[in-house]
Amino acid sequence: MTGRRTRPRSGLTREKIIDAALAHVDQHGLAALSNRKLGAALGVEGMTLYYYVPSKAALLDGMAERLLELSAGDLFTEPAGPWTETVRDFAVALRRMLLAHPGMLTVLATRPVATPAATALLERGITVLVDSGVELADAIDVLNSVVQWTLGHTLAEAGRTPYHEGTEPAPEQLATLDADTHPHLARAFSTGAGLDQEARFHRTLAILLAGYAAEFDRARGDAG
């Protein structure tokens, strides 16, 4: 493979390629991502990209890594409050990032991100919790639970079934439920009660983190 690669183009970087890949997926979907099409968008031969991103797997990992880094920002480097607020702010930013790039939802949900930058990010997140007195196993449990729940909630919120687009029930099918047969559901869909996705996300996230914090406090009290 190395002998077939063309000379790198001046000004091309791994970061530029990853950002272009994210933009391509936003516009055309994940299935349409290829080195040939991505190279064309960047004005280079597809083989040129192998100098910077050696495989499709490495490209997907880099894209996932980029979204995680953008979501975390300086939260894990310079936490400004209790660990619960830091993790909450990360989850909120991650949801916002995923809604902006819904084509990447299944990538983050189904493949572990193990690039050096991603593992460094995870290490910083764990450190925030451990430095706040959370046990190592509990810190990892919190981050895994919050990220997995955020991914699942956002996937449902995005309203798409990967590889089965167009088969989802239309909202009007639920809005016209018979009130005699389904009185509670019909009322909910006619009034919007309990259907605010963003409000549900923030409320459940707060409950999840408060539950963990209360459990850790009880464990410390029992140990003391």
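A residue counts as buried when its relative accessible area is under 20%. In this predicted model, Phe216 meets that criterion, because its relative accessible area is 5%. Trp83 is likewise classed as buried, since its relative accessibility is 9%.

These two residues open the account of the aromatic contacts. A pair of aromatic rings is described by the distance of the centres and the angle of the planes. The model contains 4 aromatic pairs. In one of them, Trp83 and Phe216 lie 6.0 Å apart, centre to centre, with 35° between the planes, and the arrangement is tilted. Trp83 belongs to helix H4 (residues 83-100) and Phe216 to helix H10 (residues 197-223), so this contact ties together parts of the chain that are 133 residues apart in sequence. The grouping extends beyond two rings: Trp83, Tyr212 and Phe216 form one aromatic cluster.

Helix H10 also takes part in a further aromatic pair, in which Phe201 of helix H10 meets Trp149 of helix H7 (residues 136-158), 52 residues apart. Here the rings of Trp149 and Phe201 are stacked, with 5.0 Å between the centres and 20° between the planes. The two partners can also be described by their accessibility. Phe201 is buried, because its relative accessibility is 0%, whereas Trp149 is partly exposed, at a relative accessible area of 24%. The ring of Phe201 has a charged neighbour as well: the charged end of Arg95 sits over this ring, 5.1 Å from its centre.

Attention now turns to the charged side chains. Side chains of opposite charge can pair when their charged atoms come close. The count of salt bridges in the model is 7. One of them stays within helix H10, where Arg220 and Asp217 are 3 residues apart, about one turn of the helix. The N to O distance between the side chains of Arg220 and Asp217 is 2.6 Å. Both residues are partly exposed, Arg220 with a relative accessibility of 43% and Asp217 with one of 47%.

Other salt bridges join separate helices. Arg66 pairs with Glu15, and their closest N and O atoms are 3.7 Å apart. This contact links distant parts of the chain, with Arg66 in helix H3 (residues 56-72) and Glu15 in helix H1 (residues 14-28), 51 residues apart. Glu15 is partly exposed, with 47% relative accessible area. Arg66 also forms a salt bridge with Asp19, at an N to O distance of 2.8 Å. The link again runs between helix H1, which holds Asp19, and helix H3, which holds Arg66, across 47 residues. Asp19 is partly exposed, its relative accessible area being 32%. Glu15, Asp19 and Arg66 are thus linked in a network of salt bridges.

The surface offers a nonpolar feature. Val130, Leu136 and Ile140 make a nonpolar surface patch of about 230 Å². Val130 is located in helix H6 (residues 116-131), and this residue counts as partly exposed because its relative accessibility is 35%.

Finally, one segment carries an annotation from a record. An unreviewed UniProt entry places the feature "DNA-binding region" at residues 34-53. Over these residues the chain is 40% helix and 0% strand, and the C-alpha atoms at the ends of the segment are 12 Å apart.

Terms used. Residues are numbered from 1 along each chain as its sequence is written. This is a predicted model: local features need pLDDT of at least 70, side-chain atom pairs count only at pLDDT 80 or more; totals for chains, interfaces and linings use all residues. Side-chain values use heavy atoms; hydrogens and water are left out. UniProt positions are given in the numbering used here, feature names are shortened, and annotations may be inferred rather than shown by experiment. Helices (H or I, at least four residues) and strands (E, at least two) are DSSP runs, numbered from the N terminus. Rings of Phe, Tyr and Trp (its six-membered ring) pair if their centres lie within 6.5 Å; planes under 30 degrees apart count as stacked, over 60 as edge-to-face and the rest as tilted. Buried means under 20% relative accessible area, exposed over 50%, partly exposed in between (1.4 Å probe, protein chains only). A charge sits over a ring if NZ of Lys or CZ of Arg is within 6 Å of the ring centre and within 35 degrees of the ring normal. Patches are made of residues with over 30% relative accessible area and no salt bridge: like charges are joined within 9 Å, nonpolar side chains (Val, Leu, Ile, Met, Phe, Trp, Tyr) within 5 Å. Accessible areas come from the Shrake-Rupley method with a 1.4 Å probe; for residues, only the protein chains shown count as cover. A salt bridge is a side-chain nitrogen of Lys or Arg within 4 Å of a carboxyl oxygen of Asp or Glu.
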